[in-house]
Structures are given as structure tokens and as C-alpha cells.
Amino acid sequence: MRAAVFEGGKLEVVDGIEVRGPRSDEIVVRIGAAGLCHSDLSVVNGTIPFPGPAVLGHEGAGVVEEIGAAVTRVKAGDHVCLTTINNCGVCPACSAGRPTMCRGTFGKISKPFTREAADGSTEKLFSFANTSVFTERVVIKEVQAVPIPEDVPMASAALVGCGVLTGVGAVLNRAKVRIGETVVVIGVGGIGLNAIQGARIARAGRIIAVDTNPRKEEAARQFGATDFLDPSGQDLVQLIKDLLPHGADYVFECVGHPALIRAATDLLAWSGTAVLLGVPRSDAEGTFLVSGMYMDKTIMGCRYGTSHPQFDVERYVDLYRKGELLLDELVTKTYPLEHIHEAIHDLESGSLARGVLLL
Ligand SMILES: NC(=O)c1ccc[n+]([C@@H]2O[C@H](COP(=O)([O-])OP(=O)(O)OC[C@H]3O[C@@H](n4cnc5c(N)ncnc54)[C@H](O)[C@@H]3O)[C@@H](O)[C@H]2O)c1
Ligand SMILES: [Zn+2]
Ligand SMILES: [Zn+2]
């Protein structure tokens, strides 16, 4: 089958990839659609260190094709959204309702894919983020598949798997924004747009979107921003303080840049919280002014929206049906897998909310 493979420094669409069959607690999913998240680009450009060869992609949806002997929650033919969290279900973190903190979900990289090497031997390929949805078929744990209604379009359902769970979850699960609180979202990409709509769903007061690309204003307002700022060539902190003289209750950094992380902390109101969603280089360091922090301010990290995928996806689909959670509007353009470099170009040039590959 075809796959977009990270081969150390570059990404190539190749044929001849095989995936192994399911173990007892696993399923095989025929991928229908896969979103292109900035984290995939960050692997290719070295921001996120990852070994190759690896099949990339971690935001997908598809149809269950085959199930392992012990699988009970899904069956062949079910439409599912994939999550990257293959949590064990029994450890202290899982028992406390924090599946994204399950130790088993990070650092163990499996190699479920194979291909024939030039010398005729069999070469194994890594799975990225336990999912690898830039291919036709994947094998995942049962816990990573969340059933979704068949009438949710595949391209829209795919985006729940990272962008929506991360952005909306950061607001509702991690920050727990309350009615009327003020929110600043820095970076209006797939993650930032979902933080914006999470803030709208939480009935935040002022929601200020910030992006150096002025073309992001229309989508930011559509998703719920009350204000949009392009800080190019200006002082971002001063621009926000002109609108919120006491600072913001919450700032979501959705770019992954140390200077913006610093700005996020400088923007906080008393008892305000900076939520760091962007992923800078693994050796990046940040700074903050210590004075002022004692006014009950918080800087928090957030993995995958502190999500409980089996619970959250169901409630997000419910909000989608009520018209409160925008999913179809996140899909700016679809591409065949072979055109992934065009999708990457469009993402980097800022013309996409999300680009989606159709498998
Ligand atoms: N914490 C998590 O669990 C998690 C999950 C997924 C993605 N991420 C990370 O979130 C970040 C965003 O991902 P995405 O898919 O939304 O990316 P994206 O490329 O779709 O969006 C990034 C946005 O930031 C804007 N931007 C760039 N520089 C800026 C600046 N100096 N000031 C203001 N805006 C600026 C761009 O114009 C773009 O709109 C990435 O670092 C990604 O790795 C984190
Ligand atoms: Zn992602
Ligand atoms: Zn666990």
C-alpha cells in the first residue's frame, strides 16, 4: 500500500508498505481521511526529534476492517476517529481519569509496518504518535478508536483526532475557562482555531486572536474571536494591553516560539494562566519575569488537550450536531496522498485552517 514516509530529513510518498495483522487487543482501520498537523511538519524539519523511516500522520478517521480476538467495543464496518493515546486503562493515571498521563502512551515506538529493502531483506518502519495515518491501513489498540456516526464526513471526523481534542480540550479540560473570562489565543492554525472555539463554547468574554498572517482574521472571527490582532512590527504585549489593561485571564500559545511564550506570561492578569500548546525545538528554553508571578499566576503545559478521548469525542460530536462545534469549516482543502507536498506548502504559506489528505 501507499504511505507518506519520513526518511530522515525528507518526506516521500512510496508504495509497497505492509502493515501487520492485529494482536488480540488491536484493530485494523482502513483510513478514510487524515489531517496535516504542524507536528507532522515538525518531525520533517527536525523540531520534533523522531527516528526514520516512519509513516507520519496522527490525525485520522476511517472504517474498522478487522478486530483482534479480545476486542469488544468496535466491530468491522464501524466508523471511528483515531486518537494517539493508547493508554493502558489500569495504571494510577488511567484510574484517576488522566489517560494522556498514562506512562505507556509515550516513548515506546512500535514498528508495525514493513517493506522490501533494496537488498531483498525486510525493513521495518516506525509508527508516529501510535497512529501513522498517512497510509491506507493502520493497526492500533482498541482504546485508540472512538466510534463516530456514519453521517459525520470522514475529512471532518479526522480533525477531531488532534486539532479538536488538543485545542478545545486545552480550554475545557486543562484551563477550565469560565463564563466571562478573557482569553488570548496566539497562533490561528488548526490548534489555535480550536482553542478559539473552545473559548466560545465555554462562553468566555473577550476572545482575542493573534496571528502575523492577516488572512487568518476571517476564520478566527468565524470560530468565535471577538477581536483579531496582527502584531507584525509592533509590540504584541502593548497591543493586547490596549484592549485588556489588566491583562488576560488566559493566554493560549499555539505557535511554539520562545518569544511568544514569554509574551504569553507578560500578558497575564492577576491569577491569570498561560497554557503552552505550541511545541518548540526540544532544546528550547523560555524566560519569564519572576516579579508578578506571586499574584497567583500560572504557566501550564498541556498534552493533547488533557483529553479523555472516549468521553470527549462523543460530546464534541454532540456539539457539532447542535452547530456549536465547527468541524466542516476546519477543512479548507482536500488532497490525494500523492499531493502531500502541495498540502505542506499550503500549510506553510498560511492558506489553510487544515488541509486533509483523502486516502
Ligand atoms: N500540545 C499538544 O498536544 C499539541 C498537539 C498538536 C499540535 N501541537 C503544536 O501546536 C502548534 C500549532 O500547530 P498547528 O497545527 O495549529 O500549526 P499551524 O501551522 O496550522 O498554525 C500555526 C499558526 O501560527 C501562526 N504564527 C506563526 N508565527 C507567529 C507569530 N510570531 N505570531 C503569531 N502567529 C504566528 C501562523 O501564521 C499559523 O497561523 C505546533 O507547534 C504543533 O506542534 C501541540
Ligand atoms: Zn497534531
Ligand atoms: Zn495507564
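**Backbone geometry, a zinc site and helix packing in a predicted model**

The place of S132 is in the loop between β9 and β10, and in this predicted model the phi angle of S132 is near 60°, a positive value in a residue that is not glycine. With a relative accessibility of 0%, S132 counts as buried, because the cut-off for that class is a relative accessible area under 20%. The loop between β9 (122–127) and β10 (137–141) also contains N130, for which phi is likewise positive, at about 60°, although N130 is not a glycine. N130 has a relative accessible area of 17% and is therefore classed as buried. A further backbone feature is found at the peptide bond from G52 to P53, which is cis, with omega near -5°; P53 is placed in the loop between α1 (38–44) and β5.

The zinc ion (ligand 2) is bound by three protein donors, namely the SG atom of C37, the NE2 atom of H58 and the SG atom of C162, which lie 2.0 to 2.3 Å from the ion. Along the sequence, these donor residues follow the spacing C-x20-H-x103-C. H58 is located in the loop between β5 (54–55) and β6 (60–67), whereas C162 belongs to helix α3 (residues 154–175), so that this pair ties together parts of the chain that are 104 residues apart in sequence. Both H58 and C162 are buried.

Turning to helix packing, the axes of helix α6 (residues 236–243) and helix α7 (residues 258–266) come within 10 Å of each other and cross at roughly 30°. Since an angle under 35 degrees counts as roughly parallel, α6 and α7 are assigned to that class, and the crossing in which α6 passes α7 is right-handed. The contact is formed by L236, V237 and K241 on the side of α6, which meet L260, A263 and D266 on the side of α7. By residue class, the contact of α6 with α7 divides into four nonpolar residues, no polar residues and two charged residues.

Helix α7 also carries T265, which is buried, with a relative accessible area of 6%. When residues up to four places away in sequence are not counted, T265 touches A274, T287, F288 and I299.

P309 lies in helix α8, which spans residues 309–321. The relative accessibility of P309 is 7%, and this residue therefore counts as buried. With residues up to four places away in sequence again left out, P309 touches T83, I85, P99, V146, L165 and Y304. The C-alpha atom of P309 is separated by 26 Å from that of I207, a residue 102 places away along the chain.

How values were computed. Residues numbered from 1 in each chain as written. Chains lettered and ligands numbered in written order. Predicted model: local features only at pLDDT ≥ 70, side-chain atom pairs only at ≥ 80, totals over all residues. Heavy atoms only, no water. Axes fitted to C-alpha atoms, helices over the stretch in contact; angles between N-to-C directions. Helix = DSSP H or I, 4+ residues; strand = E, 2+ residues; numbered from the N terminus. Parallel < 35°, antiparallel > 145°, perpendicular 65-115°, else oblique. Left-handed = near helix turned anticlockwise from the far one by under 90°. Contact = heavy atoms within 4.5 Å. Nonpolar A, V, L, I, M, F, W, Y, C, P; charged D, E, K, R; others polar. Buried < 20%, exposed > 50% of the residue type's maximum accessible area, 1.4 Å probe, protein only. Donors = N, O, S within 2.8 Å, 3.2 Å for Na, K, Ca; no water.
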